[in-house]
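Got your viewer open? Let's take a walk through this one together, one selection at a time.

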Amino acid sequence: MPADSSLTLALAVPDSRTNAAPTSFPFRSTLSLEPLIAYWQRREQSTNAGVRLLAVAIGQQVAEADWCRGPLTDYSVLECNCDLIETLMLAVFPPASFSTDISGVIGPFQRYCFYSTTHFEEVMLNKDRTIKQPLNIDMPTMERHMGLMAYHLVLNRVYGAEIPPLGTIVFTVPDYKIGLYRHYGVDFNSDFVTVKVVGEPPQLTPEQLEMLIHNRHRPELWRELLPPEHFELEGFNLIQLLDVTDQEILSELKYDLLERDVLQTPARFEQIQEKLRVLFAQPSLQLGIAAYDEKKRAFVDFGKKINHSFLTKQVQTNSAADGSFRQIYDRLLREREPLVLKDLATADIPEDLREQITGLGINSAILALLPYGNDTVGLLELGTPQAGALDEFDMDKVSQFVPLFAVAVKRNAEDLQSRVQSIIREKFTAIHPTMEWRFMDAARNLLAKLDAGNRTAEMEPIVFEDVYPLHGSCDIRSSSTVRNEAIQGDLIEHLTLANKVLKKASECQELPILDELKFYVTKNLKRLREGMLSGDEANIYDSLKREVEPLFEYLATHTPELRPIITKYWSNIDPKLGILYKRRQDFETSVTTLNDAVSDYLDEEEEKAQQMFPHYFQRYKTDGVEFNIYVGSTLVENKPFDLVFLKNLRLWQLLTMVEITRRTAALKATLPVPLDTTQLILIHGQPLSIRFRQDERQFDVDGAYNIRYEIIKKRIDKATVLGTGERLTQPGTIALVYAQSREAVEYYEYIDYLQDRGLLEPGVEELELEELQGVKGLLALRVRVQIVG
């Protein structure tokens, strides 16, 4: 090969695994020069004398080289006969394009490249001359794409089908010279690949051909209609690459900058900066973005944590630089053209600003205003450490993405302004009055940061430390069981009423469907009396609605003697719900009555408790009522806290639970379904921290240590007594759960006091609890409430 040639011939023979086609490639493929030799043989008849003479000369060389005929399984022969390969490849690689093309030759859809331009070798080849795996495409995807290209070739060459070309594939490959990556459009040229049919080719109908063409991404269909064992690919592919980095990067920037908050997130901003580094082939390029505040008539940084703008950062930290920066801005505004500072050392800018920028390690820069209509919404900055790395020739690229950044900055500025206006309304709805002062302070602090130009400022954490928790609950005993029994009872009665109608209808007329429906109803009645399974309710009501009740409407219309019993059926069905809703209604009424009574009483007493000392109060309704209280000095503003207030609230809580026990016990006899309640208090002697969760608009305990309190709170309602299996919570009693003996000492005093007043019966049960999931060693006191009447 000539020394000045930019083509490279493979000089190493890879192992058998490297030679092989991809593992999932469907066809047998072999490297061969036969299609290329045939090309030159055809040129021996050319009317062009020069081409004809060259073709004849090549034909003579080929005639003397038996090695180049047939499949090439030993690549070492290519090394020994590189002169002939060089001559043959003149048909594929025009000499004039040697220094510019990015091209290589591989066996049919294989990975080993035996001939390429130098540029192709640099871009796409590993040291063993196999094709690099692109960064953006994994191996299975690559193999599927190559298999699809081969199938298209088979369909075209063997069956004469004209198939729309596949979409352009783009390879992203590393550029080790600059430590970045580049994008290349890839063209697989199969002009020198021959498709050989093994045996009889599969017959395809026009319909099957059409099916394949319109289902190109279903490889299983292609394998079924065109079994790969019937075809063999022989020859070589030409791979040609075209650098499309600029187009790809600009396209990616367009979509990236359309996303919300893309300039507000450090990770996303770094991604944008990395893409600009690739676009300019400058691994040390630094991107700066400053938004323009029209009210302040000044540029403001997007965020100090990200350091989006190196110019405004200097202005903020050096008041002397403000005037110099104003000169630069006025110049940009006056000329309406980007400012190219090819070499900061010699650039026409104020000296103090030059020192500030070069002090950041930036020696070449481009500054461009971001226009939005007639307004300026921001400033874009590009800087590199290498003097002369950015110049006027880069302005074509800059002009293409400046409008994209302008739109992104404008949208971000509008979003920020909207958040400022609605911050209290959006983030702090339904704030507890006790804590309102703290939220107001946080909102003022946030607005102050925004006014100071910190456009990425977030609401500071709302955390109250060293607060004491109190938790209590009034739970409806066995509510799930009673609810299921009510559903079961209603279902049985509903089916019984339906069965009566069906039996009566069978006496009046013979319809096979009636017998089938009676069988269905009877079968479900029998099963329901034995117990209800998950899904029974929905399945049965669905069948009644679809199968049974439409028949009742028909029978009532055409069989007058059935109207009374059908009318009775409908009289038992709730007109709004369309189902029999008696026992469940009684149950829900009973639950609602109990919950309302407990909640109303708690709300009344809570108003009084707030007068003792302001505190945070939460109340939840489920099958019962539970409440949380947090109290401490950090919760209130300008009001001293003493532990006597905590003791007062603990006694208030116990008194409240006594009264709730009494009231729910008195209500039991008046309820449609007599339900019992159980009362529980969780004692926690140590202070903890609570944090406002903006996503849930509520407070939760904060910190890993304090999470144990939340875990206990969620699980103690199912606690059982150690060694007996008895549920801790029992009707007519109050259970007080604690972890350490000293926490119970204070409550013994309260219990003694309430027993003396006749509110609690004599005696205190001291209990150990069975281990709960993730919690062990809990203790409990249980006292019985003196029920009046």
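Which residue takes a positive phi in the hairpin of β3 and β4? It's Phe-109, with a phi near 55°, in a hairpin that has 6 residues between the strands. Before you click on, note that this is a predicted model, where local features need pLDDT of at least 70, side-chain atom pairs count only at pLDDT 80 or more, and totals for chains, interfaces and linings use all residues. Residues are numbered from 1 along each chain as its sequence is written, and side-chain values use heavy atoms, with hydrogens and water left out.

**Stop 1: the hairpin strands.** Select 102-106 for β3 and 113-117 for β4. (Strands are DSSP runs of E, at least two residues; helices are runs of H or I, at least four; both are numbered from the N terminus.) β3 and β4 pair in the antiparallel sense over 3 bridges, where pairing takes at least two DSSP bridges. Find Ile-106: its bridge partner in β4 is Cys-113. Now look around β4: 5 of its 5 residues are buried, so this strand is largely enclosed by the rest of the structure. Buried means under 20% relative accessible area, with a 1.4 Å probe and protein chains only.

**Stop 2: a sheet.** Next, pick out the open sheet of 3 strands, in the order β2-β8-β7, with mixed pairing. Its edge strands are β2 (28-31) and β7 (193-197), each pairing on one side only. β7 and β8 (residues 231-235) are antiparallel over 5 bridges; zoom in on Val-195, which stands opposite Leu-233 in β8. Then add helix α7 (residues 139-159), which packs on the sheet and touches β7 and β8. Touching, or contact, means heavy atoms within 4.5 Å.

**Stop 3: the cores.** Show Phe-120, Leu-155, Leu-233 and Leu-241: of the 42 residues in the largest nonpolar core, these touch the most other members. (Such a core is a set of buried Ala, Val, Leu, Ile, Met, Phe, Trp, Tyr and Cys residues joined through side-chain atoms within 4.5 Å.) α7 gives the most to this core, with 8 residues. A second, separate core of 37 residues includes Val-625, Ile-660, Ile-681 and Tyr-750.

**Stop 4: a strand-and-helix lining.** Which residues are closest to the centre of the largest pocket? Select Thr-622, Glu-626, Lys-713, Lys-714 and Asp-717, out of the 31 that line it. Among the elements that each supply at least two lining residues are β16 (616-622), β17 (624-631) and α23 (704-715). A pocket here is an open set of points on a 1 Å grid over the protein atoms alone, where a 1.4 Å probe fits, with protein on both sides within 12 Å along at least five of seven lines; lining residues have an atom within 4 Å of a point.

Note on methods
Axes fitted to C-alpha atoms, helices over the stretch in contact; angles between N-to-C directions. Buried < 20%, exposed > 50% of the residue type's maximum accessible area, 1.4 Å probe, protein only.
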